[in-house]
Structures are given as structure tokens and as C-alpha cells.
Amino acid sequence: MVDSPTLTKKFQKELNAGIASLVLLSVLSNSEEPMYGYQIAKLLDDYSGEASFMKQGALYPVLRQLESSGLLRSTVEPSVSGPPRRYYEITAEGKETLLVWQGVWKQMKSFVDKAIKGA
Amino acid sequence: MIKSIEEYLDQLKNELKDSDTATVQDALADAEEHLRTALANSKQEQPETSEEEALNQVIEQYGSPDETASAYKEVERLTHPSLVRENQRSDSMLVRFFAIFADPRAWGALLYMLIAFVNGIVYFTWAVTGLSLSISLAIFIFGLPFAILFLLSVRGLALLEGRIVEALLGVRMPRRQMFSYQGGKWLERLKMLLTDKNNWKMLFYMFCQLPFGTLYFVLIVTLVSLSLSFMVSPIIEGFVRQGVVGVVIGNLRYFPPPILYPLLVIFGFLLLTASMHLFKWIGQLHGKYAKMFLVTD
């Protein structure tokens, strides 16, 4: 069989690349308050259950990138224990973008489902 | 086995040594924040596990240094420059005028205009030789494949020129070779190539690149040397006192009084700055022109 763990890993990574932005925007849009990286990672761990989809470390560069495109904004606040934390929250532009992306995701999902089922 | 957060950060820094310093700084800050918070939490939840074990659990979830490094590199690679917001310019006109020296577009245009001179000669020679040989060899049987090869080479050169234009002038140009008809007889292929107006546009561009390249070169040499001599000659005059600063028109020699020297230096610098703006503007114009002629409709 050709399928090796590396191929699956690569596939997973390629899938994550696009989905991570959508997931992070959604999480921050659903949250009332700004969240910091570890909080988000913990929440996503709860969502994914046993299966781990991506390493927590891979979330941070995506957060940074979303911020530099203006979809998120962040503030650094000192914490009681440990280093200062960077809190992220969604911007108005981010909310608009998220709506569009959710539409894209729905279409994509039904498209892929149909392709897998073959109907 | 990583024993401390500091060790992890060191390894991460090492993995990212080829990346942008801003990225490295971001990655280290993110990792430190996460690892410290996660470690503190796991100590609270499971006080019985040793520090080292807890840290390795945390790292297992966060990703090893090389995994984390590749995540940052990947995002950096995928981020399209247009997605990154340009800093809002609230600078005054004056600051913007002099900021041209920090503008990569202006330097790119300057470099392109210098290269265009050499490229122009090559393109022109290639186009003239190819075209005249194609026509004169047409009476022979091997004239046919020769003409086809020449016309295909024009496309190749157009692609190459497009890459240079994109790299230096920042105009998005084709990254793939244009589709060319593969099957059919030689005569049919030649007919297709001859009737394709894109080929003629590219050929025209190659011809015109020589006069343009020459013009650009003359412009750069004249403006840069003129402004540099304005800036430097009063200073040299101070050392040699040989009448370096002066204008000679026929038999008339005019030497400005030394009190004007600072003004000459300032004028030279202003001329150089204005020239950079001119180069940037020409570069943008040339980019549009190249796009019109080198990109197929």
C-alpha cells in the first residue's frame, strides 16, 4: 500500500491550513470576551475530543496572520503568573468576513460530501 | 527530551534561524506565553507529576520545536503581500518625499532600468537575427522548423522578461509558459504561430526594449551623476581648490561664490530624491506597458 503516515499527515496539514482561520474566527466570534492563545487551544481540545487535529503551536501563527489582515485585534495584558498574555478579539471586518467564509464552508462541505458519497 | 522551557525556546530559535526576525520574535513570544501558562495549569491539575514530565506533555500538545517552526514558516510563505495591510500613512508630504529612499519599488525600478539596457540589446539582436533568418531561410525546407523554433523562443523570452518585470517592478506577470499547439503538421503549427497576434506583440516589445533600455540608461546615468556632482563637488573644492565648482559655456567660465556651496549640496540631494521618484514612476509605467504586450489576451 502506498498510503504512509507521512502522506496522511501532509493531507491533514493542507486541510488545516484553510480551516484553522475559519475555526479561530468562529471561536472568537462566539466568545463574549477577548481570549488568549492557551484558552483558545484548550477550548479547541474540548471540541476535538480524542482526535487531535492540529498542534496547538500551529494556531498562533494563524492568529498573528489574521491580526495582520485586520480580522482580529489584540492587546497584551500582564498576567498574575507567568509572562504577559496576548488577548485576541474579532473586529467588525472579521465578523463580516466570517459570515462569507461560513457560506463558503457550507458549500464546500456539501460539495465534498456529495463527492465522497458519489451521489 | 526537552528539560526546560528555555531549552525549547532555544531550539525553536535555532529552527527559525533563516526566517524574518519579526517572525522569530513572534514565535518565541507565543511559545513562551503558551508553555508557561500550560505548565502552570498542569501543575495545578496534576501536582503529582514531575515538572519534566508535565513539560513534555505540554510540548507534545503544543508541537515540537521543528513542528512549530514549520507552522510559522508555512504561514509566512502563504501570506499574500496584499493581505498584509499597509501601514496607514499619516506622514506629511515632506516625509513621504524623502521616504522614497526606503521604498523598495523605487530601487527595484532603478535596477530594472539598468538591466533593461543589457536585456534590450539581447532581445533586439535575437529578434532581428531570428526574424531575418526565418524570412531568408523560408526558401529551404529547414526554414520551416527554424521559423517555428524562433517564434517559440520569443515566447520563452517573453516569459523570462515577465519574471524580471514581476520581481523588480512588482507587477503580477505570467508564471507559466503560454499554451502552444503541440500536434499537427509543421506547416499548421507555423500558421498558428504566425496568426497569433500575441507573438507579434511580444516581438514588438523585444524590438522596443532597445530604445527604451537605452533611454533608461541615459536617464539614470545623467540624473544620478548630475545630482552626485552637485552634492560632492563643493566638498572636493574645499580640498583641492582647483575650480571644480563651475560652469563652462564656450569661453565663458562661471564660478559660483562659495557662499552658495551649501545650496548646491542641497540642490543635488533634492535632484537625486526627485530622480528616485521619477524612476519609480517610470518603473510603474513600464510595468503596465509590459503587461499590455507580454500577457496574452
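The paragraphs below lead through chain A, then chain B, and then the contact that joins them.

This is a predicted model, in which local features need pLDDT of at least 70 and side-chain atom pairs count only at pLDDT 80 or more, while totals for chains, interfaces and linings use all residues. Residues are numbered from 1 along each chain as its sequence is written, and chains are lettered from A and ligands numbered from 1 in the order in which they are written.

In chain A, three strands form an open sheet in the order 1-3-2, with antiparallel pairing; strands, like helices, are DSSP runs numbered from the N terminus (H or I and at least four residues for a helix, E and at least two for a strand), and two strands pair if DSSP finds at least two bridges between them. Strand 1 (35–36) and strand 2 (72–77) of chain A are the edge strands, each pairing on one side only. Two bridges join strand 1 of chain A to strand 3 (residues 85–90) of chain A in the antiparallel sense, and Tyr36(A) stands opposite Tyr87(A) of strand 3. Helix 1 (residues 5–30) of chain A packs on this sheet and touches strand 1, strand 2 and strand 3 of chain A, its direction making about 85° with that of strand 3. Touching here rests on contact, which requires that the C-beta atoms of two residues, placed from the backbone, lie within 7 Å.

Helix 1 of chain A also packs with helix 3 of chain A, at an angle of about 75° and with the axes 10 Å apart; axes are lines fitted to C-alpha atoms, for helices over the stretch in contact, and angles run from 0 to 180 degrees between N-to-C directions. The two helices are therefore roughly perpendicular to each other, a term that covers angles of 65 to 115 degrees. Ala20(A), Ser21(A), Leu24(A) and Leu25(A) of helix 1 meet Leu59(A), Val62(A), Leu63(A) and Leu66(A) of helix 3 in this contact. Helix 3 of chain A, residues 59–68, is mostly covered, with eight of its 10 residues buried, where buried means that 20 or more other C-beta atoms lie within 10 Å of the residue's own, exposed that 12 or fewer do, and partly exposed anything in between. Among the buried residues are Tyr60(A), Pro61(A) and Arg64(A). After helix 3 of chain A comes Gly70(A), whose phi is positive, near 85°.

In chain B, Asn14(B) lies in helix 1 (residues 5–15) and counts as exposed because it has 11 C-beta neighbours inside 10 Å. Ala54(B), by contrast, is placed in helix 3 of chain B and counts as buried because it has 20 such neighbours. Beyond its neighbours within four places in sequence, Ala54(B) is in contact with Leu39(B), Ser42(B), Lys43(B), Gln46(B) and Thr49(B); the C-alpha atoms of Ala54(B) and Leu39(B), 15 residues apart along the chain, are separated by 6.7 Å.

Finally, the contact between the chains takes 24 residues from chain B and 20 residues from chain A. On the side of chain B that touches chain A, the elements giving two or more residues are helix 2 (21–45), helix 3 (51–62) and helix 4 (65–78) of chain B, and helix 2 supplies the largest share, 10 residues.

Technical notes. Parallel < 35°, antiparallel > 145°, perpendicular 65-115°, else oblique.
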